[in-house]
Amino acid sequence: MNHTDRSISPSQRAQQLSKSQQTTRTATEKTTKTEELRADVLQEQVAVPVIEEELQVGKREVNRGGVRVSSRLVEQPVQESVTLREEHVHVERHPVDRPLQPAALDTFQSGTVELVETDEEAVVAKKARVIEEVVVSKAVTQRAEQIRETLRHTEVHVEPISAVERTNGTNGMRGYEQYDADFRKHYEAGPYSTHGYAYDQVAPAYLFGYQLGTSQNFKGHDWTSIEPEAGKAWEERNPGTWEHMKAAVRHAWDKVSGKA
């Protein structure tokens, strides 16, 4: 412990500690409040997505049928004519009366004579022959097909809302029309018109300031407390334009919140 620490009384040290804790608590509350303000500012803006469908055409194989080739054995009765030869032995006796010739003396002895009968019969044989071939193949052809489909997309139409519709409960837009003349007057008298800005280019800034001024979340705040977060919220939607449009936002804020 140094000499300075020894010279501080316990009560003074407690006061310093309390002051340090209070400073830390104040900084934390300020950061939390800033984040809440920024969240409230962002909630004042509504993003409308624009969606479009794209046509994507691909290809896939599908089964459209085909050909099945099979074979089976079929029996078919057939007939064929053939001529067959048959032999028959006939024995006949005829009475004869003539003298025996000397040359026939050799046959005048015992003997046996055989005569054989023969027949023809049909012999059947089968021989297989190829008489036809069935060839199965595939041919690939290409064709162009026109694809017709309906695609959807989002169209965002912006139109002004009448004072009656706003009074009947259109959220966030109630009473904007009554400030329109003042905003146009401020535009014409200020630097925007002289620097070539069209009113339609500046109108979103007036609308943003109007939304800040009519929001219950910012009721009781002054401009210096919300300007940093309002600028961040604006830059997220309109990068690089806050310094140019800040005057219009501030004018609308002051006018709507009654500080003008």
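# Chatting through salt bridges, rings and a core

Me: Hi! What does Asp180 form with Arg184?

Reply: Asp180 forms a salt bridge with Arg184, and their closest N and O atoms are 2.9 Å apart. A salt bridge here is a side-chain nitrogen of Lys or Arg within 4 Å of a carboxyl oxygen of Asp or Glu.

Me: Before we go on, what kind of model is this?

Reply: This is a predicted model, where local features need pLDDT of at least 70, side-chain atom pairs count only at pLDDT 80 or more, and totals for chains, interfaces and linings use all residues. Residues are numbered from 1 along each chain as its sequence is written, and side-chain values use heavy atoms, with hydrogens and water left out.

Me: Got it. Where do Asp180 and Arg184 lie?

Reply: Both lie in helix H4, 4 residues apart, which is about one turn of the helix. Helices (H or I, at least four residues) and strands (E, at least two) are DSSP runs, numbered from the N terminus.

Me: Is Asp180 buried or exposed?

Reply: In between! Asp180 is partly exposed, because its relative accessible area is 22%. Arg184 also counts as partly exposed, at 38%. The cut-offs are under 20% relative accessible area for buried, over 50% for exposed and partly exposed in between (1.4 Å probe, protein chains only).

Me: How many salt bridges does the structure hold?

Reply: The structure holds 10 salt bridges. Among them, Lys246 meets Glu227 at 3.5 Å, N to O. That pair links distant parts of the chain, with Lys246 in helix H8 and Glu227 in helix H7, 19 residues apart.

Me: And with which other residue does Lys246 form a salt bridge?

Reply: With Glu243, where the closest N and O atoms are 3.5 Å apart. Lys246 and Glu243 both lie in helix H8, 3 residues apart, about one turn of the helix. Lys246 is partly exposed at 23%, while Glu243 counts as exposed at 59%. Elsewhere, Arg85, Glu87 and Glu120 are linked in a network of salt bridges.

Me: Switching topic: which residues touch the most other members of the largest nonpolar core?

Reply: Phe183, Tyr206, Phe208 and Leu212 do, out of 26 residues in that core. Helices H4 (177–189), H6 (199–214), H7 (223–237) and H8 (242–257) are the elements that give two or more residues to this core. The largest share, 8 residues, comes from H6. By a nonpolar core I mean a set of buried Ala, Val, Leu, Ile, Met, Phe, Trp, Tyr and Cys residues joined through side-chain atoms within 4.5 Å.

Me: Why would nonpolar side chains be buried together?

Reply: In soluble globular proteins, nonpolar side chains tend to be buried together.

Me: Which residues of H6 are buried?

Reply: They include Tyr199, Val202, Ala203, Tyr206, Phe208 and Leu212. H6 also has the span you would expect: at 1.5 Å a residue, its 16 residues should span 22 Å, and its end C-alpha atoms are 22 Å apart, which agrees. The expected span is 1.5 Å times one less than the number of residues in the helix.

Me: How many aromatic pairs are there?

Reply: A search of the whole structure finds 11. In one of them, the ring centres of Tyr176 and Phe183 are 5.8 Å apart and the planes are at 50°, so the pair is tilted. Rings of Phe, Tyr and Trp (its six-membered ring) pair if their centres lie within 6.5 Å; planes under 30 degrees apart count as stacked, over 60 as edge-to-face and the rest as tilted. Tyr176 is buried at 10%, and Phe183 is buried at 0%.

Me: What about Tyr187 and Tyr199, why is that pair edge-to-face?

Reply: Their ring centres are 5.4 Å apart and the planes are at 70°, so the pair counts as edge-to-face. Tyr187 lies in helix H4 and Tyr199 in helix H6, so the pair ties together parts that are 12 residues apart in sequence. Both residues are buried.

Me: Which residues do ring pairs link into a cluster?

Reply: The cluster holds Tyr176, Tyr179, Phe183, Tyr187, Tyr199, Tyr206 and Tyr210. Tyr179 is found in helix H4 and counts as buried at 17%. Tyr179 and Lys255 are 76 residues apart in sequence, yet 8.2 Å apart in space, C-alpha to C-alpha.
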